[in-house]
Every structure is written in structure tokens, then in C-alpha cells.
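Could you walk me through this fold? I'd like to go from the start of the chain through the strands and on to the surface.

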Amino acid sequence: EEPVGYLRMIEGRAPGAIWIQDVVVRPDVRRQGIGSVLMIAANEWASRHQNKRTIIELQSKNHPAVKFAQRLGYEFCGYNDHYYENQDIAFFYSRYVR
């Protein structure tokens, strides 16, 4: 069976934090809670590995992803206007692990 989505995260990029770079859900199954389940699993993994927070990076033009992060309790914590090769601005949102 074909995967419906994945999440890619990096440990050690920021002290005490898990850095989430990609949350991808197949287009035909979006808006069914799969992305939320992936994010919950990432937060649980971060907690089990003694991390204090998770950080997600988003392209500023990706409004659905920004709304998604905000719905999950992530708060804006910074940006970088020289992060992506396509000159888009990177937004960073973080949430403390429970």
C-alpha cells in the first residue's frame, strides 16, 4: 500500500529542540487529520528524547501550512529572508513539548 504521508525532522540543529523540515500528506487524503497525527507523533518522540520544544520551518507563501501550525499551538518565533534558494522568506514556529 502506498504511504499517505511523512514527516522529516532533525535532532541537534537547535539545543533541546527537534527541527521539523517537512510535513507531507498525499493530496488525495489531505484534511483528514493525517498531518496532525504526524505532528503529534513528532512531539511525543521529542518528549521521549528529552527535548523541550519542536520547531517547524515554513515558506511564508504557504498559508495553509502556517494556519495548520497555528491550529496545533505553534507560535511564531522568527524568520530568515535568506533561507530558501527561491528567495521566499522562511517562517519559524515553535511549540513546547508536553
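Glutamate 2 has 56% relative accessibility, and since the cut-off for exposed is over 50%, this residue counts as exposed. Keep in mind that this is a predicted model. Glutamate 2 sits in the segment before E1. Look across to arginine 26: the two residues are 24 apart in sequence, and their C-alpha atoms are 9.7 Å apart in space.

Next comes the hairpin. Strand E1 covers residues 5–14 and strand E2 covers residues 17–25, and the two pair in the antiparallel sense over 8 bridges. If you want a spot to anchor your eye, find glutamate 11, which stands opposite isoleucine 18 in E2. There are 2 residues between the strands of this hairpin, and glycine 16 in the turn has a positive phi of about 70°.

E2 has another partner, too. Strand E3 (residues 53–59) runs parallel to E2, and 4 bridges join them. Here isoleucine 20 stands opposite isoleucine 56 in E3. To get from one strand to the other, follow helix H1, residues 34–48: E2, H1 and E3 make a right-handed β-α-β unit.

Now for the surface. Phe76, Tyr79 and Ile89 make a nonpolar patch of about 310 Å². Isoleucine 89 belongs to the loop between strand E4 (75–80) and strand E5 (90–96). Is this isoleucine 89 exposed or only partly exposed? Exposed would take over 50% and buried would be under 20%, so at 31% relative accessibility isoleucine 89 counts as partly exposed.

Definitions and conventions. Residues numbered from 1 in each chain as written. Predicted model: local features only at pLDDT ≥ 70, side-chain atom pairs only at ≥ 80, totals over all residues. Heavy atoms only, no water. Pairing = 2+ DSSP bridges. Right-handed = clockwise from strand over helix to strand, strands pointing away. Patch = residues over 30% accessible without salt bridge, like charges linked within 9 Å, V, L, I, M, F, W, Y side chains within 5 Å. Areas by Shrake-Rupley, 256 points an atom, 1.4 Å probe, with all protein chains shown as cover. Salt bridge = Lys/Arg side-chain N within 4 Å of Asp/Glu carboxyl O. Buried < 20%, exposed > 50% of the residue type's maximum accessible area, 1.4 Å probe, protein only.
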